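Hi,

Here's the structure I promised to pass on. Have a look, and my notes are underneath.

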Amino acid sequence: MEEKKVLLGMSGGVDSSVSAILLKENGYEVVGTTLELYRGSNCCNVNTYLDAKNVCNTIGIPHFTYDYKNEFQKYVIDDFINCYSCCKTPNPCIECNKYMKFGAMYEKAKELGCDYIATGHYAKMEYSEFNEQFKRCVIKKSKAGKKDQSYVLWNIPKELIEHIIFPLGDFENKEQIRKIALEKKLKVANKPDSEDICFIPDGNYKKFLEI
């Protein structure tokens, strides 16, 4: 059977790194990619790219970086600023998922001849047959409880869902992921989670908006 090719978004963290291992062990031809979104953020710096590339070298898959800083400015940062100016509360991660991590990455996947895209999100993709009119792939909650991230994926274009793989959907906690990384001797096994907004690493929203 011919291998299915998948483009995996890699942040240099343990979740996406273990996702690469799981995909490869399940027979996929894996291509790792890191999107350059915002210079100086905690998810788009030299260490991000180096960590992702080192993992790919370790497990024997290619890795590429692509510059999407202009698109990130338009769809994520400008939206963040505009929301505050209109007295709304933005969620930049939701916009980033829709336009960048899935939208732009899926277009790149097609260019590279990939059948699927994948990320290290804690979520699941399942085929649902609710009734005769509702038959399609949907995103559902993972088994990870408080770590579940399906809620930030609600606005991903519906036509893309059948092309998405979430390798971590059946894991119950982050400790299981770190254990795999340690067993595979990945240097990122104990890398801390990134929880702040990537383009405001110090959490000072007021200072960012004033600039």
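The notes below are mostly about one helix and its neighbours.

First, the small print: this is a predicted model, with local features needing pLDDT of at least 70, side-chain atom pairs counting only at pLDDT 80 or more, and totals for chains, interfaces and linings using all residues. Numbering runs from 1 along each chain as its sequence is written, and side-chain values use heavy atoms, with hydrogens and water left out.

The helix is H1, residues 14-25; helices here are DSSP runs of H or I of at least four residues, strands are E runs of at least two, and both are numbered from the N terminus. Of its 12 residues 10 are buried, so H1 is largely enclosed by the rest of the structure. Buried means under 20% relative accessible area, exposed over 50% and partly exposed in between (1.4 Å probe, protein chains only). The cover over those buried residues includes strands E1 (5-9) and E2 (29-36) plus helices H2 (46-59) and H5 (174-183); contact means heavy atoms within 4.5 Å. After H1 comes Gly27, with a positive phi near 90°.

H5 is worth a look too. Its axis lies 9 Å from that of H1, and the two pack at about 60° (axes are lines fitted to C-alpha atoms, for helices over the stretch in contact, with angles from 0 to 180 degrees between N-to-C directions). On the H1 side, Val14, Asp15, Val18 and Leu22 meet Lys174, Ile177, Arg178, Ile180 and Ala181 of H5.

Cheers

How values were computed: The expected span of a helix is 1.5 Å times one less than its number of residues.
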